[in-house]
Amino acid sequence: MVKRTVPKDKKSGLPKKYLGSTTGAKRAELARVLKRIKELAKAGKTIPRSLLKRRIELGRKKKKKSPAKKKSTRAKKKTTKRRY
């Protein structure tokens with residue numbers, strides 16, 4: 001049985017799944033950060049928190065700005081205690 005190879009990014013050589021939906025300069029920087037993490041891990045050194053933080057930041061998708069909710073112009077009714 002033949003093992004299938006993982007699809008890789010042409011420029012960086014990293015598996016595409018690690019680069020996610022990033023494009024352009026962000027993709028290149030993410031690839032650099034991932035390679036640096038890989039090298040440090042292979043050498044058995046500690047990976048700085050700043051590097052991990054940067055990886056998460058680069059891989060995160062941008063949130064789309066949702067339109068602001070309109071505030072109701074009607075005044076709220078005052079509620080009073082009911083007497084039974």
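Where does Asp-9 lie in relation to H1? Asp-9 sits in the segment before H1, and we will come back to this residue once the overall picture is in place. What you see is a predicted model, in which local features need pLDDT of at least 70, side-chain atom pairs count only at pLDDT 80 or more, and totals for chains, interfaces and linings use all residues. Residues are numbered from 1 along each chain as its sequence is written, and side-chain values use heavy atoms, with hydrogens and water left out.

The score called pLDDT is the predictor's confidence in each residue, from 0 to 100. For this protein the mean pLDDT is 85, and 87% of the residues reach 70 or more. Among the elements, H2 has the highest mean pLDDT (93) and H1 the lowest (89).

Let us start with the overall plan. The protein has three helices and zero strands, so the labels you need are H1, H2 and H3; helices (H or I, at least four residues) and strands (E, at least two) are DSSP runs, numbered from the N terminus. Along the sequence the pattern reads α-α-α. About 9200 Å² of the protein is exposed, and carbon and sulfur atoms supply 54% of that; such accessible areas come from the Shrake-Rupley method with a 1.4 Å probe, and for residues only the protein chains shown count as cover. Of the 84 residues, 18% are buried. Here buried means under 20% relative accessible area, exposed means over 50%, and partly exposed is in between (1.4 Å probe, protein chains only).

Now turn to helix H2, which covers residues 24-43. H2 has 20 residues and reaches 29 Å from its first C-alpha to its last, close to the 28 Å expected at 1.5 Å a residue. That expected span is 1.5 Å times one less than the number of residues in the helix. The buried residues of H2 are Arg-27, Leu-30, Ala-31, Val-33, Leu-34, Ile-37 and Leu-40, and what covers them includes H1 and H3. After H2 comes Gly-44, whose phi is positive, near 80°.

Which residues make up the largest nonpolar core? There are 10 residues in all: Leu-14, Leu-19, Leu-30, Ala-31, Val-33, Leu-34, Ile-37, Leu-40, Leu-51 and Leu-58. A nonpolar core is a set of buried Ala, Val, Leu, Ile, Met, Phe, Trp, Tyr and Cys residues joined through side-chain atoms within 4.5 Å. H2 and H3 (49-59) each supply at least two residues of this core, and the largest share, six residues, comes from H2.

One core member, Leu-30, is a good place to look at contacts, meaning heavy atoms within 4.5 Å. Beyond residues up to four places away in sequence, Leu-30 touches Tyr-18, Leu-19, Thr-22, Arg-55, Leu-58 and Gly-59. One of these partners, Thr-22, is found in the loop between H1 (16-19) and H2. Thr-22 counts as buried because its relative accessibility is 8%. The side chain of Thr-22 reaches the backbone oxygen of Leu-19 at 2.6 Å. This is a polar contact, a pair of N or O atoms within 3.5 Å; within protein, one must be able to donate a hydrogen and the other to accept it, and residues adjacent in sequence count only if both atoms are side-chain atoms.

Back to the segment before H1, where Asp-9 lies. With 15% relative accessibility, Asp-9 counts as buried. Leaving aside neighbours within four places in sequence, Asp-9 is in contact with Leu-14, Lys-16, Leu-19 and Arg-27. Ser-12 is in the segment before H1 too, and Ser-12 is buried, with a relative accessible area of 14%. Its side chain reaches the backbone nitrogen of Leu-14 at 3.4 Å. Beyond residues up to four places away, Ser-12 touches Leu-19, Ala-31 and Lys-35.

Finally, visit the loop between H2 and H3, where Ile-47 is placed. Is Ile-47 buried or partly exposed? Ile-47 is partly exposed, because its relative accessible area is 29%. The C-alpha atoms of Ile-47 and Ile-37 are 6.5 Å apart, although the two residues are 10 residues apart along the chain. Not counting residues up to four places away in sequence, Ile-47 touches Ile-37, Leu-40, Ala-41 and Leu-52.
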